[in-house]
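Subject: Structure for your review

Dear colleague,

Please find below the structure that I am handing over to you. My findings are set out after it.

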Amino acid sequence: MTDLKRCPVAHGFDAMSDDYYTDPSMHFAKVRDEHPVFWYPWLNAWIVTRREDVLKVLGDWTEFSSAGNTASIPVPEKYQHIVPPGLMSEMIVGMDPDGHTVHRGVALRGFTVARMEQLRPQIEERAHRIIDKLEQQGSANLMEEYCLELTTQTLCAHLGLGYEHDPMMRRLRNATGRVLSSAQEQMPPEIIDEVWEVFSSSFAELSKVVAERRENPGDDFISEMAAERTLSVAQIALKVCEFALAGADTTAQAMTNAVLFLADKPQYIAEALDDPALWANVFEETIRRRPSSPFASRQATRDMEIGGVSVAAGDMIWVSLASANTDPSHYERPFEFDIHRPDPADHLAFTAGRHTCLGQALARVQGATGLKVLFERLPSVRPVPGFPLDFIRMALLPVRANLPVTWDLADIERSKKRVKRGMDLVVTARSEPAGDVVALHFAHPDGDALPPWEPGAHVDVRIPVSDGVVVRQYSLSSSPASSAQWRLGVLREPNGRGGSAGIHSFAVGDVVRAGWPRNNFALVPSPRYVFVAGGIGITPILPMLAAATAAGAEWTLHYGGRSRSSMAFCEELAQYGSRVVLTPHDEHGLLDLAGIFASVSPDTLVYACGPEPLLTALEEALSHWPEGTLHTERFAPKRIAPRADVAFEVEFAASGVTVTVPPGRSILQAAEEQGITALSSCKEGTCGTCETRILSGEADHRDSILTPAEQRANQSLMLCVSRAAPSCPKLILDA
């Protein structure tokens, strides 16, 4: 019941006004000096605005109780058989010690800093995958299509909730906000049934999940809470309802607010792209300047005075985090968005005291990572000018529903050169198609589609070895038409550097870090092909055969190996009949390349993969064929005659940096030392990751990828091995 007799009242303050939703902190600034504490009749509560007073309220639970936050939530009678009214008082935000200590202790284990840091690569991967689906649009509702998509996916993965629960968690997010706010803000009567139908049905579904995992726990956070048995099934289900709001919406709000602030400070985008550690500062300054939850509420346990105003026992007190975070007595230039503040985390966006946000570590990791990926991929993303305010209007937890943005489609190609992609995949199947060869199938852990690729593509794989981790490149040998799984075939090399032995130890269920597909061995359309494979070199050829067949091309495969038993995927090749010629060395000797290619066949391309002696012999056998006939992929760098290094200059045009590259140092090393983003992987000139366009100058090409014609064309080079030609004192590169 509203009490209109309390004083003072700040008549200029309106938590439902456009001015408030445009900028809560600025709206508070208009009343804070005159009324640091004031009565707000619409909420029937005191509003506290100064940082010193806010800290006092948040810091003493004995005088300022949280129990009033949820105990008074009105559960409609028709839903009380699902959600008992007394249960609502056990929301973490509505509890005092000792109950709060027990409940928070169970929940906090899932949100430790170390655990959230372990999630960072998965968050980054999900962010890339979301942008993959959006980038060609050139515009989006950033809130719904990127920010909430990312936070919801991450939270569901952490909780162990599959795609089947995704729609429920999205509906539950807003419903929980409405339910929580209804303790102090009257819910509009026309939406009460709609909100409680969503909340109660979601609570019931989550209760079933918790009960199932209590009996059959997995490795997810719901299972971890359920296995403790400290809390009941209903109490844990209620915690997940709270996470649906706090773990998804508030971070999504912060990311959209950051985009708004950065639109006015584009220089910060450039700085953070150069120094990714600054994205954490961007996130912290955003939530200082505009907290996603602008209020926290408490209830006075005795008569007292705050800021010169008398407050009675039982009165509700709303502390303004938005106002405290811009209090000029504590902050210089409080309304300026400045990512270089000396202590970026000096704010109360996560409140303070016992109720400091338990999910702050997740918010910090997810917010900074989400912004980093967004601007790496789409640096030109900006809000649509004059976009309308679109909020679900609740004073306690305002929810932005829409932030329309646009970006330049040219960002797509630029990001391919500058953003290295990786993802965690799970091994779903393992077989041994030949002696010392293992075939591994990989899929996304959450069932999402894998990135598209074309025949000839390969991926980087991170492989644990005895002295750390190595990165190796392996060809994709499955069908590009299958977006659900990839297959790699790997030969164990007894005298290798440990990578193949490591990958042979992978078992079904193992999680493996892999890169995005790259293709330096693309299948060029042709009416006729001759394919040549030696040993495990058959792997990139397999999808080429399927593609050539589908295109109606004529083709023959000559496949050689030590013995028939060592030659992988022969059963798969049997479907092609006589077009496949198997030549086991112990039965027929080496491939007769001179005989196979004695006569030039017009309009024919030759694709080959295998050990270096085979490819060297093939180059000789094709010496009388037209230039450009042969396309190869090598296991190891091509042998290049030794030549002396001389120092030269490189100008990185896009970065505005010029350096001297001395003998014994690569262009790639020089770029990295200057902080220039340059993607790389093998550092041997075999994978093509660091290929960079030449704007001026002549290169000394030392890679194993570019054809002789491409090297003569001098349009690009591999930063990791190539240098300037002896006669060229300076190269200008597009980097």
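The paragraphs that follow deal with the cavities, a helix contact, two sheets and some backbone features. Please note that this is a predicted model.

Cavities

The structure contains four cavities of 30 Å³ or more. The largest cavity encloses about 840 Å³ of space. Its lining is made up of 40 residues, and those closest to the centre are Val93, Ala246, Thr250, Ser293 and Cys357. Which elements each supply at least two residues of that lining? They are helix H4 (99-108), helix H7 (166-181), helix H10 (233-246), helix H11 (249-264), helix H13 (278-289), strand E5 (295-300) and helix H15 (360-377). By class, the lining of the largest cavity comprises 23 nonpolar, 14 polar and three charged residues.

The second largest cavity holds about 80 Å³ of space. Around it stand His458, Asn520, Phe521, Thr632, Glu633, Arg634, Thr686, Ser704 and Ile705. Strand E23 (residues 630-634) gives the largest share of this lining, with three residues. Two residues of the lining of the second largest cavity are nonpolar, five are polar and two are charged.

A helix contact

H11, one of the elements that line the largest cavity, also packs against helix H12 (residues 266-274) at an angle of about 110°, the two axes lying 5 Å apart. Angles of 65 to 115 degrees count as roughly perpendicular, and H11 is therefore roughly perpendicular to H12. On the H11 side the contact involves Leu262, Ala263 and Asp264, which meet Pro266, Tyr268 and Ile269 in H12. Sorted by class, the contact of H11 with H12 has five nonpolar residues, no polar residues and one charged residue.

The parallel sheet

E23, which contributes to the lining of the second largest cavity, also belongs to an open sheet of five strands with the order E21-E20-E19-E22-E23 and parallel pairing. Strand E21 (580-584) and E23 are at the edges with a single partner strand each, so one side of each has no neighbour in the sheet. From one strand to the next, the twist averages 10°.

Within this sheet, strand E19 (residues 528-534) and strand E20 (residues 554-561) run parallel and are joined by seven bridges. Tyr529 is opposite Trp555 in E20. Two helices may be noted here. Helix H18 (residues 538-550) lies across E19, E20, strand E22 (604-610) and E23, and runs at about 160° to E19. Helix H22 (residues 612-621) also packs on the sheet, where it touches E19, E22 and E23, and its direction makes about 155° with that of E22.

The mixed sheet

How are the strands ordered in the open sheet with mixed pairing? The order of its five strands is E25-E24-E30-E26-E28. Strand E25 (657-661) and strand E28 (716-718) are the edge strands, each pairing on one side only. In this sheet the twist averages 40° from one strand to the next. Strand E26 (residues 691-696) and E28 run antiparallel, with three bridges between them. Arg693 stands opposite Ser716 in E28.

Backbone features

Three places in the backbone may merit your attention when you inspect the model.

- The peptide bond from Cys7 to Pro8 is cis, with omega near 0°; Pro8 is in the segment before helix H1 (18-22).
- Pro97 and Asp98 are joined by a cis peptide bond with omega of about 5°; Asp98 is located in the loop between strand E3 (64-65) and H4. H4 is also among the elements that supply at least two residues of the lining of the largest cavity.
- Asp436 is not a glycine, yet has a positive phi of about 65°; this residue is in the loop between strand E13 (422-434) and strand E14 (437-443).

Yours sincerely

How values were computed. Residues are numbered from 1 along each chain as its sequence is written. This is a predicted model: local features need pLDDT of at least 70, side-chain atom pairs count only at pLDDT 80 or more; totals for chains, interfaces and linings use all residues. Side-chain values use heavy atoms; hydrogens and water are left out. On a 1 Å grid over the protein atoms alone, a cavity is a set of points where a 1.4 Å probe fits but cannot get out, and a pocket is an open set with protein on both sides within 12 Å along at least five of seven lines; lining residues have an atom within 4 Å of a point. Grid points are joined across faces, edges and corners, and a volume is the space filled by probe spheres set on the points. Helices (H or I, at least four residues) and strands (E, at least two) are DSSP runs, numbered from the N terminus. Ala, Val, Leu, Ile, Met, Phe, Trp, Tyr, Cys and Pro count as nonpolar, Asp, Glu, Lys and Arg as charged, and the others, Gly among them, as polar. Axes are lines fitted to C-alpha atoms, for helices over the stretch in contact, and angles run from 0 to 180 degrees between N-to-C directions. Angles under 35 degrees count as roughly parallel, over 145 as roughly antiparallel, 65 to 115 as roughly perpendicular and the rest as oblique. Contact means heavy atoms within 4.5 Å. Two strands pair if DSSP finds at least two bridges between them.
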